[in-house]
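Visitor: Please take a close look at a single part of this structure and describe it in some detail.

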Amino acid sequence: MNKQFLLKVKEALVSVMPVTLIVILLNFTPLINFSSKEIIVFIISSVLLILGIGLFNLGADLAMTPMGEYVGSGLTKSKNILILVVVCFALGLLITIAEPDLTVLADQVSSVINPSMLLILSVGLGVAIFLVIAILKIVFKRQLASILMFFYMLLFALCCLIIVVGNEELIALSFDSGGVTTGPITVPFIMALGVGVASTIGGKRANENSFGLIALCSVGPILAVMILALTAKGDLSYPIPDYSIADNVFLEFFHSLLSVTKDVTIALGMIVAFFMIINFIFLKLPKKKLIQIIIGVLFTYAGLIIFLTSVHIGFMPIGYKIGNSLANTNKVLLPIAGFILGLVVVLAEPAVHVLNKQVEEITSGGVSKKSMLIALSIGVGISICLSMIRIVFNFSVLYYLIPGYFISLGLSFFVPRMYTAIAFDSGGVASGPLTSTFILPFAIGACMAIDPTGNQVLTNGFGIVAMVAMTPLITIQLLGFRSVMSKMVKEKIAMRRILVEDDDTIIEFM
């Protein structure tokens, strides 16, 4: 156990160190002048972040992933599709309602979508319905690409209607909601649920069918918010949070710790309680496995609390100040800084490591962690760079999203299906809590520097999560396209060698 923990902490150190070094180096440039308090709090938060990610990843290996696999395989073995559908629907609804980031999103648009519980329930139903669709896709062995193409065409048709009714500001929030609801608690469990169902059903495409649940569960919230946006009325307002570090850091840390502990307890408690009920009725796991799961849940619980508290205290103020200072100094630097930050921030997303590990295991090393991280980093870097350009020139996020999704859906016809499924899952995983607490404040800071009234925040600041979720769809599928081309080249070379050997044989015979 100690060796496993030290290995996870080492991985977390490698992940968090790049973004920490960039912030520290920026402090020695004339571009940004951090106070001593900001730097000290940031460095302490970075250390806590490393510890939190290490504990979370260890907990995911011991508890979250096995729990999902046990539920998926156990319910599938019962050969009762109705039970599988009902359980997955209830699971999707409960864990989404308990997601703390969804409550924050509902509060932000409460002036238009009122009461806020209407949005929470709608998004919860969206996730629940699409989780059922994802499970049925595995059971009936349907192609992910065709399902995604149908629903994304529907989403863009709804975008046109939203523009007609005059609620264009809600489009960016709609797409952001897809990333918000796939948080670090739900992602490992849902991904493992797909693995459990696919491995039990088997078939030639069992590995490919293991992926796609996160992709479809990200569509549900977008669709739900768009439907609400069609009937929403009122002035959409977003109160700009106070991103400055509090005078009494210890008191602020204590308040944040209590708030995060409450949110994590509710969200993680929902999954654990649900699993225990399923285990009591269907699975009946031995005591030894249950003890391992309980230990893993405790690691996950502690890791998430440490992780989320540290990013709220230390990373949000720094992200906001970097964006605000660079926009005030030289707007040309914003896209460059966005690209660099995007490259390194995704490395510190806890659920990314869970996805990469699962991909490497299921593909038997065919898709390595290294290639996944490179593709994800480049994708997120490009997305934030493009988002900064949008903030500077003030245009709609649809100018990116429509061609971006058409390209990603088009690529699905030319790459192995496995890469398409992995790519669409990666989009939901990459837009995690660090994106919301570091990159989003970075974008809001830039918006406030360009337009101090704050009118640009809803249209340009938001939408960045949607961009982070979209670009990996292209970069990871390009990785698959590269593998196809490489295979074709190798086959041609092998064929030429065979032909040359045949010619030599004929000459010798003659």
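Guide: What follows covers one helix, then a pocket that it helps to line, then one residue of another helix.

The model is a predicted one. Helix H14 runs over residues 350-362. At 1.5 Å a residue, its 13 residues should span 18 Å, and the end C-alpha atoms lie 19 Å apart, which agrees. H14 is mostly covered, with 10 of its 13 residues buried. The buried residues are Pro 350, Ala 351, Val 352, His 353, Val 354, Leu 355, Asn 356, Gln 358, Val 359 and Ile 362. In an α-helix there are 3.6 residues a turn, so residues three or four places apart point the same way. After H14 comes Ser 364, which has a positive phi, near 55°.

Now the pocket. The second largest pocket has a volume of about 280 Å³. It is lined by 15 residues, and those closest to its centre are Glu 11, Ser 15, His 353, Lys 369 and Leu 373. His 353 is also among the buried residues of H14. Two or more lining residues come from each of helix H1 (2-27), helix H2 (36-77), H14 and helix H15 (369-393). H1 gives the largest share, six residues. Sorted by class, the lining holds six charged, five nonpolar and four polar residues.

Ser 46 belongs to helix H2. Its relative accessible area is 4%, and a residue under 20% counts as buried, so Ser 46 is buried. Leaving aside residues up to four places away in sequence, Ser 46 touches Val 16, Thr 20 and Phe 315.

Technical notes. Residues numbered from 1 in each chain as written. Predicted model: local features only at pLDDT ≥ 70, side-chain atom pairs only at ≥ 80, totals over all residues. Heavy atoms only, no water. Helix = DSSP H or I, 4+ residues; strand = E, 2+ residues; numbered from the N terminus. Expected span 1.5 Å × (residues − 1). Buried < 20%, exposed > 50% of the residue type's maximum accessible area, 1.4 Å probe, protein only. 1 Å grid on protein atoms, 1.4 Å probe; cavity = no way out; pocket = protein on both sides within 12 Å on 5 of 7 lines; lining within 4 Å. Points joined across faces, edges and corners; volume = space filled by probe spheres on them. Nonpolar A, V, L, I, M, F, W, Y, C, P; charged D, E, K, R; others polar. Contact = heavy atoms within 4.5 Å.
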